[in-house]
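Trainee: Before we look at the model together, could you show me how to read cavities, pockets, strand pairs and single residues in turn?

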Amino acid sequence: VVGNAFLFPQVTMDHVLDMSRADDIALAESVTSGKLVAVETFGDVLGRAGKRLAVVHTGSAGSAYLINPRARAHGHWTFSILGREHTQTPEAVDEIVARFGPLPPRELPRFAEIDYAEQVFRDHVLAERAPDVALIWFNEPDTSFHYRFLGSAETLSVLKAADAAFGRILAWIDAQADSDRYTVIAASDHGQISMSGALPLSGLLAAQGHVGRRAAERTLAGASFSVPGGNLGESRSLEGGSARRDAIAAWRQNQDFLGMMFSKGRNGVDGVVPGSFSLSLVDLDHERAPDLVYVLRSGDTADHYGNPGLGVMTAGDVPVGGGMHGGLNRHELNTVLVVRGPGFPTAIDDRACGIIDIAPTLLSVHGLSPAATMTGRSLTRPANGPVEMRGFETGMGAFRQILERADRDGSRIILQGHRLE
């Protein structure tokens, strides 16, 4: 979901759907008859096989929902540290509060939430519920990366706290008599780069006659298109059709701050908008896909703390100097992925892989096949055939962009994309 929000006309034309809001998710679930996520998910496959999934989540309502959108239907269990309204199984929150006390206050950095969630996961989920699959989602260090900067003392401190919490979970597993049967996967869902500036993008477009509305405004009144915020965004025309789309695209391509642009496919590489890539190159060619997806410009320059990667974002998201993600800078796409368990090698495996491989891997551990729509591959088996490194280039006039991708075994891993200097 680009920018955690998107216009979903079949659900509402009153405002952009905000996936961080429990009420927006409930509305979309109601209108789509439970098919906001239309494909078969990791939780669906487990539920169909009679397997139990328990989740301890400290992120937004949308993130908790997308982990297992049909948790209640499968008899699964999802606890959200944000409260009852942020999970499909509010009784899980009641159960935890009754045993461990009130939910911790929201403070930044989120030390208290780390400790509370880890205790719930270790002492309740692993020790007592003992599901077939257990998942814990820490909101740190992501939150502090955004608002306290990537290399600050506060951020480094909360990063150590998250590491220590994970260490306590590993220690509990190692102390079990059957510890050798556990498969443990540790992953980050993205990297981050620092933001060196903020653009008044909505104002700039309004000056060109294109009035946009963001999710935070909670209205589409007077708008000609919808747009989220961040360093990656999308545009969906409310009036003016393809002419509006093309005019916005042409203006952006003439701006130095544009990094990349995608639109619906004209062929396997180019989009219908001249100079754009096809959305299919990055697996965004869904029936609900927007008119345009854009990435603001970034590069490899180090930030104030020496961390590689600097970019720009739209104004009003995080403070200038804070971290962001969502774009295709290689430092945003680099992630941590560590696996241990029976059948996995103890050495570093340098094959191209990513978070799309986690669900197929865990299903394989349980002897289950992945859903047909899953694009990842199980890491329990050797790579099937060579990896093909592919590069793509397109553009219009002075605007040129490239995308690098690793294609392997019928799926692909995006390595990086950027504007050519």
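Mentor: Let us begin with a lining and its chemical make-up, keeping in mind that this is a predicted model. The lining of the second largest cavity divides into four nonpolar, five polar and two charged residues.

Trainee: Which residues line the second largest cavity, and how much space lies in that cavity?

Mentor: About 50 Å³ of space lies in the second largest cavity, and its lining is made up of Gly259, Met260, Val295, Leu296, Arg297, Ser298, Leu328, Asn329, Gly417, His418 and Arg419. Strand S11 (258-263), strand S13 (292-296) and strand S20 (411-419) are the elements that give two or more residues to this lining, and the largest share, three residues, comes from S20.

Trainee: How many cavities of 30 Å³ or more does a search of the whole structure find, and what is the volume of the largest cavity?

Mentor: The search finds two cavities of 30 Å³ or more, and the largest cavity has a volume of about 120 Å³. This largest cavity is lined by 13 residues, of which Arg351, Ala383, Asn384, Arg408 and Asp409 are the closest to its centre. By class, the lining of the largest cavity comprises five nonpolar, three polar and five charged residues.

Trainee: Turning to pockets, which helix gives the most to the lining of the second largest pocket?

Mentor: A pocket is an open set, whereas a cavity is one from which the probe cannot get out. The second largest pocket has a volume of about 200 Å³ and is lined by 14 residues, with Ile25, Tyr65, Glu85, Thr87 and Gln88 lying nearest its centre. Helix H1 (22-31) and helix H3 (61-67) each supply at least two residues of the lining, and H1 gives the most, with four residues. Seven nonpolar, five polar and two charged residues make up the lining of this pocket.

Trainee: How do strands S14 and S15 run, parallel or antiparallel?

Mentor: Strand S14 (residues 298-302) and strand S15 (residues 308-314) run antiparallel and are joined by three bridges; on the level of residues, Gly299 has Leu310 in S15 as its bridge partner. The hairpin of S14 and S15 has five residues between the strands, and in this hairpin Gly306 takes a positive phi near 90°.

Trainee: For a single residue in a strand, is Thr394 buried or exposed, and with which side chain does the side chain of Thr394 make a polar contact?

Mentor: As a general idea, side chains in a regular strand alternate between the two faces of the sheet. Thr394 is found in strand S18 (residues 388-396) and counts as buried because its relative accessibility is 7%, under the 20% limit. Its side chain makes a polar contact of 2.7 Å with the side chain of Asp270. Beyond four places in sequence, Thr394 touches Asp270, Gly275, Ser276, Phe277, Phe399, Arg400 and Gln401.

Trainee: Where is Trp77 found, and why does Trp77 count as buried?

Mentor: Trp77 is found in strand S4 (residues 77-80), and Trp77 counts as buried because its relative accessibility is 5%. Leaving aside neighbours within four places in sequence, the contacts of Trp77 include Leu53, Val55, Ala92, Ile96, Val120, His124 and Arg129. Glu95 is also in contact with Trp77, and the side chains of Trp77 and Glu95 make a polar contact at 3.2 Å. Along the chain Trp77 and Val93 are 16 residues apart, and their C-alpha atoms are separated by 9.9 Å.

Key
Residues numbered from 1 in each chain as written. Predicted model: local features only at pLDDT ≥ 70, side-chain atom pairs only at ≥ 80, totals over all residues. Heavy atoms only, no water. Buried < 20%, exposed > 50% of the residue type's maximum accessible area, 1.4 Å probe, protein only. Polar contact = N/O pair within 3.5 Å; in protein donor to acceptor, adjacent residues only side chain to side chain. Contact = heavy atoms within 4.5 Å. Pairing = 2+ DSSP bridges. 1 Å grid on protein atoms, 1.4 Å probe; cavity = no way out; pocket = protein on both sides within 12 Å on 5 of 7 lines; lining within 4 Å. Points joined across faces, edges and corners; volume = space filled by probe spheres on them. Nonpolar A, V, L, I, M, F, W, Y, C, P; charged D, E, K, R; others polar.
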